[in-house]
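Student: Could you take me through one part of this structure up close, and then work outward from there? I'd like the salt bridge story to be the starting point.

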Amino acid sequence: MSRLLEALAPTKIQVNVRREVMAGITTFLTMAYIIFVNPLIVGSGFELALKNALGVQNLSPEQLALVNSVKISVATATIIAAAFGTMLMALYARLPFATAPGMGENSFIGFSVIPAFTAILVGMGLKGEVAALAALYAALFAVFIDGLIFLIAAWSGIRERVLRAISPNLAYGISAGIGLFITFIGLSLAGLVHAGVGTPVAFNVKAFIEPQYLIAIAGFILVSILYIKRFSPAFLVTIMILTIVGIIAGLVSMPPNPVEIPSMYTSIIPVFPTALRAYIELIAIAFPVAFSLFLVEFFDGIGTISGLATKAGLIDEKGRPINIDRALYTDASATVVGALAGTTTTVVYNLKASPFRAEMKIYKPSRV
């Protein structure tokens, strides 16, 4: 009888308000860098696609204004996706995990998908800005399809079959592969590596001579030290410091408008028919892109949620993360909302830099 009452009794969770508030602030400071980095990556990929479509090396002021509009809109959508996903994770999944557009997926979409889509659309007869914008919307529509596939997999029995069929190491391997890809993108954007002659990649011999490369190396060292010291806003502070140093060195120009009005230029809702048509025209590679994003998000989500839940002690008697179904629903829903708003795949963030973690004490009734 006592075991029956113990099993049926509702779980009570002790919440420390101060700890929760501090953990929330720490989490925000740790991942706030994505507000700046995600627009830079997606916008840079769009800029590359636009240059390729126009066949030019430098863009006109009007075209640069278009790229800036894309970056501002992606920043707006990034905030919307992160806020929606994190709130849903708290209120629905009841887990202390944060979500935001993921690094790796945004690099793949920005530097691989958008330029590839643009090249195909140019071959189909579209010109310049029209081709680049259509490719951008088709890529975001692929993210939308990715979210729908994820929702179907989470709601059906597919998830359980996949979890039983695969090794957990596969999820960790995908996460490691994403990390290496992000590292390569970072080295390339910093100018430390470039296309080689006879080899795919070569080291830039000017990396220790020219100031912009030295600043990049110094920034890497700084953020590494702050991260090791468990300083929560390590990435955000490093971005600010490097920006100030770049301005002083004349390598970074101040924007003409210090304050920008939030934009929804990349949202696929107003251009849904256009995005759908471009997606269908590119279906031969657009659906594989969406399915690839689903595989990465699905396995990465399982791996991240499992790792965070284990570290925080949020696991059941079978060793499974509590409410993992709801967490995956949340992850998929945030991706759908993010794509509609105009940003890339939303994922659960693995915030190892945070000095706080969830502390939930489970109370059960005493035996009777």
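Tutor: Searching the whole structure, which is a predicted model, turns up one salt bridge. The partners are Glu-47 and Lys-51, whose side chains meet at 3.7 Å, N to O. Why can these two pair up along a helix? They sit four residues apart in α3, so about one helical turn separates them. As a general point, an α-helix has 3.6 residues a turn, so residues three or four places apart point the same way. Lys-51 is partly exposed, at 23% relative accessible area.

Now stay with α3, which runs over 34-54, and look at what else it carries. Phe-46 is one of the residues with the most contacts inside the largest nonpolar core, a set of 65 residues. Phe-97, Ile-114 and Phe-117 share that distinction. Helix α3 is one of the helices that each supply at least two residues to this core; the others are α4 (61-91), α5 (105-123), α6 (128-155), α11 (272-281), α12 (283-312) and α13 (324-341). The biggest giver is α6, with 20 residues. Apart from this core lies another, of 11 residues, and Met-31, Val-37, Ile-41 and Val-347 are among them. For background, nonpolar side chains in soluble globular proteins tend to be buried together.

Follow Phe-46 across to α5 and you get to Gly-110, which lies in that helix. The two are 64 residues apart in sequence, yet their C-alpha atoms are 6.5 Å apart in space. Is Gly-110 buried or exposed? Its relative accessibility is 0%, so Gly-110 counts as buried. Setting aside residues up to four places away in sequence, Gly-110 touches Ile-41, Val-42, Gly-45, Phe-46 and Pro-115. Ile-41 is a name you have met already, as a member of the 11-residue core.

Further along α5 comes Thr-118. With 2% relative accessibility, Thr-118 counts as buried too. What does Thr-118 contact once neighbours within four places in sequence are left aside? The list is Ala-49, Ala-53, Ala-131, Ala-132 and Ala-135. Next to Thr-118 in the numbering is Phe-117, and with the same neighbours left aside, Phe-117 is in contact with Ala-135, Ala-138, Ala-139, Leu-282, Ile-285, Ala-286 and Val-289. Ala-135 turns up in both lists, touching Thr-118 as well as Phe-117.

That brings us to α11, where Ala-275, Ala-278 and Tyr-279 are buried. Viewed down the helix axis, the buried residues of α11 fall within an arc of 100°, so they line one face of the helix. The face turned away from that buried side carries Pro-273 and Ile-280, both exposed. As for what covers the buried residues of α11, α6 and α12 are included.

Now for the outside. Val-17, Val-21, Met-22 and Ile-25 make up a nonpolar patch on the surface, and together they have about 340 Å² of accessible area. Val-21 belongs to helix α2, residues 17-31, and is partly exposed at 45% relative accessible area.

Two loop arginines are worth a glance as well. Arg-94 isn't a glycine, but its phi is positive, at about 55°. Arg-94 sits in the loop between α4 and β2 (99-101), and at 55% relative accessibility it counts as exposed. Arg-230 is another non-glycine residue with a positive phi, near 60°. Its place is the loop between α9 (211-228) and α10 (234-248), where Arg-230 is partly exposed, with a relative accessible area of 46%.

Finally, step back to the chain as a whole. There are 13 helices and six strands. Of its 368 residues, 43% count as buried. The accessible surface comes to about 19,300 Å², with 68% of that belonging to carbon and sulfur atoms. Among contacts between residues at least 6 apart in sequence, 78% join residues at least 24 apart; the pair Gly-110 and Phe-46, 64 residues apart in sequence, gives you a concrete picture of such a separation.

Conventions. Residues numbered from 1 in each chain as written. Predicted model: local features only at pLDDT ≥ 70, side-chain atom pairs only at ≥ 80, totals over all residues. Heavy atoms only, no water. Core = buried A, V, L, I, M, F, W, Y, C linked by side-chain atoms within 4.5 Å. Buried < 20%, exposed > 50% of the residue type's maximum accessible area, 1.4 Å probe, protein only. Contact = heavy atoms within 4.5 Å. Salt bridge = Lys/Arg side-chain N within 4 Å of Asp/Glu carboxyl O. Areas by Shrake-Rupley, 256 points an atom, 1.4 Å probe, with all protein chains shown as cover. Patch = residues over 30% accessible without salt bridge, like charges linked within 9 Å, V, L, I, M, F, W, Y side chains within 5 Å. Arc of directions from axis to C-beta.
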